[in-house]
Structure formats: C-alpha cells, structure tokens
Amino acid sequence: MAIGKLIVLTGPSGVGKGTLLRSLLQRHPELYFSVSVTTRPPRPSETNGQHYYFVSRAEFDRMVLNNELLEWAEFAGNCYGTPRRPVEENIRQGRWVVLEIELEGARQIRQNFPEAFQIFILPPSLLELEYRLRSRGHDSEESIARRLERAKSEIPAAHEFDIQVVNDDIEKALERIEEALFTPVGV
Ligand SMILES: Nc1ncnc2c1ncn2[C@@H]1O[C@H](COP(=O)(O)OP(=O)(O)OP(=O)(O)O)[C@@H](O)[C@H]1O
Ligand SMILES: Nc1nc2c(ncn2[C@@H]2O[C@H](COP(=O)(O)O)[C@@H](O)[C@H]2O)c(=O)[nH]1
C-alpha cells in the first residue's frame with residue numbers, strides 16, 4: 001500500500017461494529033468509510049450508496065469475475081464485497097480507509113494487505129450478542145439464528161487480529177480504538 005492506511009473492523013454480526021464506526025466517523029471525519037456491495041435486500045432504514053450498494057446476484061457475480069472487489073464473502077445467505085477502486089484511490093490520495101466486514105473478508109485483506117491494521121470487536125457475552133441482534137429488530141428469526149451460529153465460529157478467531165476490543169461500554173470501546181489508531185508509534 002502506497003501512502004494511506006487500511007483499517008479493518010470485524011467481529012460478529014450485532015456486536016456493534018456499525019454503531020462504533022458511526023461515532024468514529026463523526027469524531028474523525030477525515031476517515032473514509034468504504035461502502036460495500038451486497039445482494040441482501042435493503043432494510044427500511046438503509047439508503048443505496050450510503051449504507052451499501054444493493055445489487056443483484058448476477059451483478060455481484062459480474063463484479064467478482066471482473067476483479068472489481070478487493071474481497072468478498074457469503075454471509076447468512078447473502079454476498080458482501082468491498083469495491084476495489086474507491087479504496088485504492090483513497091489510499092493513493094493518502095486517506096485512511098475503514099472497512100467494516102466479516103471474518104472471511106478480513107482474512108482475505110490480511111493475505112493481500114498484510115500492513116492493514118485489523119481490529120476485532122468482541123461482545124461482552126453470547127447472550128448479550130443475541131439480545132443486541134434481537135433488539136435492533138432488523139433480522140428474521142432465521143437470520144438471527146444464522147448470525148449467532150456464525151458468531152460461534154468467528155469469536156475464536158479474535159486472536160488473529162492486531163487488537164481485540166470488547167464492546168461493553170461503547171465510550172470505552174471507542175477510546176480503545178482511537179488509542180490504537182491515533183497514538184503515535186513509540187509513545
Ligand atoms: N456497547 C453497546 N451496548 C449496548 N448496545 C449496543 C452497544 N453497541 C451497539 N449496540 C446495539 O447493538 C445493536 C447491533 O449493533 P450494530 O448494528 O452496530 O452491530 P454490527 O456489528 O454493525 O452488526 P452487522 O455486522 O450485522 O452490521 C444495535 O441495536 C446497537 O444499538
Ligand atoms: N466480507 C465482507 N463482509 C461485509 C461487507 N460489508 C458488510 N459485511 C459484513 O456482513 C455482515 C452482515 O451485514 P448486515 O449488514 O447484513 O448485518 C456483517 O458482519 C458485516 O460487517 C463486505 O464488503 N465484505
């Protein structure tokens with residue numbers, strides 16, 4: 001990677017990655033959030049181009065074939081991927097780019113961009129994770145069950161990452177992330 005920096009935020013669905021990222025972007029508007037493509041249908045609160053680019057499976061497959069995605073994975077019955085060009089352009093221009101992605105995609109990024117800084121967000125407990133998935137009210141029972149099953153295989157991979165942050169108290173979690181990102185090396 002030439003000038004900018006690539007930051008990966010991963011962890012199980014419902015742990016609070018998006019919530020943490022929203023606050024991080026408000027506090028540090030210089031960060032660039034990479035908007036993913038997905039075949040998942042939009043939720044009522046989501047806007048195309050802001051939360052995701054919502055595409056058909058045929059369009060997603062075309063992007064994969066044309067090497068337009070930096071990484072991609074299937075998750076709970078849908079496909080998700082990071083558009084390559086905006087990430088590469090923003091890094092070239094010296095910006096710090098943040099990806100909010102699941103574990104398989106994070107591993108692909110580590111393989112291809114070993115200099116990326118990788119953060120794993122952990123829930124205080126599986127019970128709390130289930131509570132958060134239910135209380136945000138976005139997903140069907142089937143989707144919640146798939147996400148919890150996936151979480152059980154994702155959480156043991158936390159040690160692969162540069163830092164692990166438990167998202168119990170949101171402010172403390174944010175401070176930990178900020179400390180890791182913005183403390184000058186050697187301090
Ligand atoms: N520290 C916290 N304490 C309590 N609730 C929280 C905390 N952080 C996030 N939440 C709540 O948990 C729910 C899930 O959060 P969020 O949607 O940000 O998770 P996510 O990891 O981005 O999920 P996904 O990977 O599926 O996009 C939301 O209702 C959010 O308000
Ligand atoms: N590998 C990738 N994972 C991604 C990407 N964008 C989002 N995600 C992750 O998918 C799950 C489910 O998201 P949801 O919006 O349906 O709740 C979650 O863990 C996201 O972080 C991506 O581009 N690549």
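Which backbone atom lies 3.0 Å from an oxygen atom of ligand 1? Keep that question in mind for a moment, everyone. First, a reminder that what we have on screen is a predicted model.

Here is the answer: a backbone N or O atom of Gly16 sits 3.0 Å from an oxygen atom of ligand 1. Gly16 has some company there. Ser13 brings a polar side-chain atom to 2.6 Å from an oxygen atom of ligand 1. Then look for Arg132, where a polar side-chain atom is 3.1 Å from a nitrogen atom of the ligand. The protein covers 75% of the 640 Å² of accessible area that ligand 1 has on its own.

Let's widen the view to the shell around ligand 1. The ligand is surrounded by 15 residues, and the closest are Ser13, Lys17, Gly18, Thr19 and Asp168. If you sort the shell by class, you get 3 nonpolar, 6 polar and 6 charged residues. Which helix gives the most to this shell? That would be H1, with 3 residues. You can find helix H1 at 17–27, and helix H5, at 126–136, also gives two or more residues to the shell.

Now please turn to ligand 2. This one has 17 residues around it, and the closest are Ser36, Arg40, Tyr52, Tyr80 and Glu102. Let's go through some contacts. A polar side-chain atom of Tyr80 comes to 2.5 Å from an oxygen atom of ligand 2. For Ser36, a polar side-chain atom lies 2.7 Å from an oxygen atom of the ligand. Arg43 has a side-chain N or O atom 3.0 Å from an oxygen atom of ligand 2. And how much of ligand 2 does the protein bury? Taken alone, ligand 2 exposes 510 Å², and the protein buries 96% of that.

The shell of ligand 2 divides into 5 nonpolar, 4 polar and 8 charged residues. Two strands to highlight here are S5, at 69–75, and S6, at 78–83, each supplying at least two residues of that shell.

So where do the two ligands sit? The space taken by ligand 1 is the largest pocket, and ligand 2 sits in the largest pocket as well. That pocket has a volume of about 1000 Å³. Its lining is made of 39 residues, and those nearest its centre are Gly18, Arg43, Tyr52, Glu100 and Arg136. You have met some of these names already: Gly18 is among the closest residues to ligand 1, and Tyr52 is among the closest to ligand 2.

Which elements build this lining? H1, S5, S6, H5 and helix H6, at 141–154, each supply at least two residues. H1 gives the most, with 6 residues. By class, the lining of the largest pocket has 11 nonpolar, 15 polar and 13 charged residues.

Let's move on to the second largest pocket, which holds about 160 Å³ of space. Its lining includes Arg40, Pro41, Pro42 and Arg43, together with Ala76 and Asn78. Also in that lining are His138, Asp139, Ser140, Ser143 and Arg147. Sorted by class, this lining has 3 nonpolar, 4 polar and 4 charged residues. Notice Arg43 again: Arg43 lines this second largest pocket, and its side chain also has the contact with ligand 2 that we just saw.

One last stop, and this time we look for a cavity. How many cavities of 30 Å³ or more are there? The count comes to 1. About 50 Å³ of space lies in that largest cavity. Its lining is Tyr32, Ser34, Val35, Tyr53, Pro83, Pro86 and Val87. By class, those residues divide into 6 nonpolar, 1 polar and no charged. Set that beside the lining of the largest pocket, where 13 residues are charged.

If you'd like to try this yourself, start at Gly16 and its contact with ligand 1. Then go to Tyr80 and its contact with ligand 2. Thanks for listening, and I'm happy to take questions!

Note on methods:
Residues numbered from 1 in each chain as written. Chains lettered and ligands numbered in written order. Predicted model: local features only at pLDDT ≥ 70, side-chain atom pairs only at ≥ 80, totals over all residues. Heavy atoms only, no water. Near = heavy atom within 4 Å. Polar contact = N/O pair within 3.5 Å; in protein donor to acceptor, adjacent residues only side chain to side chain. Areas by Shrake-Rupley, 256 points an atom, 1.4 Å probe, with all protein chains shown as cover. 1 Å grid on protein atoms, 1.4 Å probe; cavity = no way out; pocket = protein on both sides within 12 Å on 5 of 7 lines; lining within 4 Å. Sits in = over half its atoms within 2 Å of the grid points. Helix = DSSP H or I, 4+ residues; strand = E, 2+ residues; numbered from the N terminus. Nonpolar A, V, L, I, M, F, W, Y, C, P; charged D, E, K, R; others polar. Points joined across faces, edges and corners; volume = space filled by probe spheres on them.
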